[in-house]
Amino acid sequence: MPDQSTPSTPQHPATGPGSVAARLTVVRDRIAAAAVAAGRDPGDVRLLVATKTQPPQAVLEALAAGVDLIGENRVQELVAKAPAVADRLAAGTLEVHMIGHLQRNKINQVLATATGLETLDSLDLAQAISDRCVRDGRTGDRALDVMVQVNVTGEESKSGIAPDDAGALATSVAALPGLRLTGFMTIGAHLDSSAEHRVRAGFARLRAVRDEVLASSAPGTESAGELSMGMTGDLELAIAEGATIVRVGTAVFGPRGTVPAPVRRE
Ligand SMILES: *Cc1c(COP(=O)(O)O)cnc(C)c1O
């Protein structure tokens, strides 16, 4: 009979092939190789581990293997996993980004548990978050890190502001006292159904938006250098186009939605 006092069984072996640590090594090697191939410094590309649907135990394995930036898609999951990472957050050795669409009625929960938001796509939302930050005394150094999410593919199903409108939104966001604009985020065209050059063109478009905003020298835009783009399937293409953050889930944890095999006890 299983010992009820033992913590739930990890989904992956703790060490060896197939472990989160081993998979992370492969991902870091991919990032470094892509950076070198693009003539870039591998240290200029940060890994964000996308933890959606993963249990706290898997997240802790990633942190133990050196991960210092994670991203959640849903506020509910962000809040549920907050206790597991509270120590690291308090110590200032972990950043947690919200990388999914945020509804206005969940702003308080995000501010309580995340260090950054990558999915800002309207001035309305930005204003509401900034107002809340100001009320909480979070301005200057304590302002919330935000990125403007841009829909570079024009697909209806994807959130994000249109590339043509992104610069104006970014400039307005950068001027809000409760927010610190750190850059731009996008989800690339689906690589399976698009040619590589089309995926790359989307990433290049995000870079062009960023470069234009940086060149504007508008107040608050000087910190907006980040490009969060590239996932498991297309991180090499994103790094070739200048990604400074790649968001990776599947390559770290394996495919989502698979029920872990039952553990055999001899
Ligand atoms: C799930 C997700 C990722 C990671 O995708 P993988 O293909 O699993 O690496 C990155 N960004 C966002 C916004 C996501 O929702």
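UniProt positions follow the numbering used here, feature names are shortened, and annotations may be inferred rather than shown by experiment. Residues count from 1 along each chain as its sequence is written. What you have open is a predicted model: local features need pLDDT of at least 70, side-chain atom pairs count only at pLDDT 80 or more, and totals for chains, interfaces and linings use all residues.

**Stop one: K52.** Select K52, which an unreviewed UniProt entry lists as "modified residue: N6-(pyridoxal phosphate)lysine". You'll find K52 in the loop between strand 1 (46-50) and helix 2 (56-64); helices (H or I, at least four residues) and strands (E, at least two) are DSSP runs, numbered from the N terminus. K52 counts as partly exposed because it has 15 C-beta neighbours inside 10 Å. On that scale, 20 or more other C-beta atoms within 10 Å means buried, 12 or fewer means exposed, and partly exposed is in between, with C-beta atoms placed from the backbone.

**Stop two: helix 1.** Now pick residues 20-37: the 18 residues of helix 1 should span 26 Å at 1.5 Å a residue, and the end C-alpha atoms are indeed 26 Å apart. (The expected span is 1.5 Å times one less than the number of residues.) Colour V20, R23, L24, I31 and A34, the buried residues of helix 1. They sit on the same side of helix 1, because they cover an arc of only 105° around the axis, taken from the directions from the helix axis to the C-beta atoms. Spin to the face turned away from the buried side for exposed V26, D29, V36 and A37. Just after helix 1 comes G39, with a positive phi near 70°.
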